[in-house]
2 protein chains.
Amino acid sequence: MLNEAINLEILPEAAGEPERRVRDRGATERAILAAAKGLLAEQGFQNFGINAVARRAGCDKQLIYRYYGGLDGLVEAIGADLGTWVKDRIPEDTGGMFLLTYGDLMERLSLLLLDALRDDPLMRRILAWEISENTEQVRRLSEARSKALALWLERMRGSLAPPKGVDAAAVNAVVIAAIQHLVLAAAAGGQCAGLSLKTSKDWEKAATALKRIVRGVYG
Amino acid sequence: MLNEAINLEILPEAAGEPERRVRDRGATERAILAAAKGLLAEQGFQNFGINAVARRAGCDKQLIYRYYGGLDGLVEAIGADLGTWVKDRIPEDTGGMFLLTYGDLMERLSLLLLDALRDDPLMRRILAWEISENTEQVRRLSEARSKALALWLERMRGSLAPPKGVDAAAVNAVVIAAIQHLVLAAAAGGQCAGLSLKTSKDWEKAATALKRIVRGVYG
DNA sequence: CCCGTTACTCACCGATTGGTGACAGCGGGG
DNA sequence: CCCCGCTGTCACCAATCGGTGAGTAACGGG
């Protein structure tokens, strides 16, 4: 009778999950990857482990070892999956693309990046992970992320050249740093350096300041 | 004889540690606090736990519960200790204080903050912790940190008023965000958004960009 | 000298972690 | 048909975690 009770719980005849996977390795692999990404996005890297992923994927952790070679391989798979971030995030029309100056471009890109990060919890968690740890795991993931981001920036930039006389690479790095930290701090505590970042009105203020800064450097 | 062997190992007659504390509660409390701060600064918040702190302090974890009421209290004590950060970090002469404009001031403050964070591993770890977690523990510590930083900024600012027409609070928050993220990313991976941040030459470039940005907004 | 308070250590608890070896069940190829 | 390989499950391991209760050793006042 104990078995019966367990069966009733375990087998979701018509329960939440639509159908039970049956000996479909591809589907299982996908489920594991999805579980890992979801777990990382929702809980962060603190409680990210083999057991937690397997629990969420609804399978045995042994399969993670078999199919991905452990957590490291799984993390690498997440990194590989990040390649799709670029094309998912490129709006087909970039506002008519009537971008006249490098300043126009950077202002637009800054705001786009801000919004893109604002509603991408997984990317945010990876970013926070990068900053907090320096293991090989994280380094690889970080590389994939920065590559994706760089590719995105390149695609968006087109062929507009930065003005002479300014170290555009350094300036842009500072601007990106600001954007990333604003989003991370907001997601974690709803504020940054005393500036509240909760309502959309708060974000308008931040965006305005950001625009002002970009305009200040690039005219 | 087993006792003898243990004694030889445990009691460092003339071993690494200078002297063994003997029934000095104050010293033990200080040792625990120092161990906690050191551990957090060196290892980060990942392996920060009761056992690790007690191990480093060279005492039983029970004492942490007794003297600090557990990890939470200990973290709070670290936060309280952060109050001294302000006066430790205020240079007596702020360069003669011949600061003419708000732009002069913010440029100077930005660089000072950058340097202050660059060589304060504990503050960096706390910053990273803030961004990665949102527990009550972290929230309190975060509050203490931001209060210390705000006080520091206020002390340094003096009575110079920001120019009208710009949302100085928002702009400054963005600048501070940039500084914090630059330092965190550099400490973790030696770069930020493709910009290498290892050599002092790298940092000069970053500082120049930062100055340019501040000058761009505040003229 | 004794005795109570204080400072401190030790041994243990249940839970959870990452990791591994053994086993069960289905399916396809010989 | 049988058997082998693939998919998936389960039971177990040592280590570590946070947390607690009981016990020990030094100190100080009477």
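**Entry 1: symmetry**

I began by laying chain A on chain B, and a turn of 180° with a shift of 0.0 Å along the axis does it with an RMSD of 0.1 Å. That is the relation of a two-fold axis, so I noted it as such. A reminder to myself: this is a predicted model.

**Entry 2: how the two chains meet**

Next I looked up the contacts, and found 37 residues of chain A touching 37 residues of chain B. I then checked whether the copies use matching faces: 100% of the interface residues of chain A are also interface residues in chain B, so the copies meet through the same surface.

For the area, I have about 3300 Å² buried between chain A and chain B, with 69% of it on carbon and sulfur atoms. In chain A, the residues that lose the most area to chain B are I131(A), V174(A) and H181(A), and together they make up 19% of what that side buries.

Which helices of chain A each supply at least two residues of the side that touches chain B? I listed helix 8 (121–132), helix 10 (168–189) and helix 11 (200–218). Helix 10 of chain A gives the largest share of that side, 14 residues. By class, the side of chain A that touches chain B holds 24 nonpolar, seven polar and six charged residues.

I also went looking for polar links between the chains. The rule finds zero salt bridges across the interface of chain A and chain B, but it does find nine residue pairs in polar contact there, both residues being at pLDDT 80 or more.

**Entry 3: DNA strand D**

On to the DNA. I count 19 residues around strand D, and R23(A), T28(A), R66(A), N51(B) and K61(B) come nearest. Both chains also appear in my helix list for this surface: helix 2 (25–43) and helix 4 (61–68) of chain A, with helix 3 (50–57) and helix 4 (61–68) of chain B, each supply at least two residues. The largest share, four residues, comes from helix 4 of chain A. I sorted the surface near DNA strand D into five nonpolar, five polar and nine charged residues.

What part of the strand D atoms within 4 Å of the protein belongs to sugar or phosphate? I have 49% there, and the rest belong to bases.

Then I picked out single atom pairs. The side chain of R66(A) has an N or O atom 2.3 Å from a base nitrogen of DNA strand D. For D60(A), a polar side-chain atom lies 3.4 Å from a base nitrogen of that strand. On the phosphate side, I noted Y65(B), with a side-chain N or O atom 2.9 Å from a phosphate oxygen of strand D.

Note on methods:
Residues are numbered from 1 along each chain as its sequence is written. Chains are lettered from A and ligands numbered from 1 in the order in which they are written. This is a predicted model: local features need pLDDT of at least 70, side-chain atom pairs count only at pLDDT 80 or more; totals for chains, interfaces and linings use all residues. Side-chain values use heavy atoms; hydrogens and water are left out. Contact means heavy atoms within 4.5 Å. Buried area is the accessible area (1.4 Å probe) that two parts lose on being put together, summed over both. A salt bridge is a side-chain nitrogen of Lys or Arg within 4 Å of a carboxyl oxygen of Asp or Glu. A polar contact is a pair of N or O atoms within 3.5 Å; within protein, one must be able to donate a hydrogen and the other to accept it, and residues adjacent in sequence count only if both atoms are side-chain atoms. Ala, Val, Leu, Ile, Met, Phe, Trp, Tyr, Cys and Pro count as nonpolar, Asp, Glu, Lys and Arg as charged, and the others, Gly among them, as polar. Copies are superposed by least squares on the C-alpha atoms of residues with pLDDT of at least 70 in both. A residue is near a molecule or strand if one of its heavy atoms lies within 4 Å of it.
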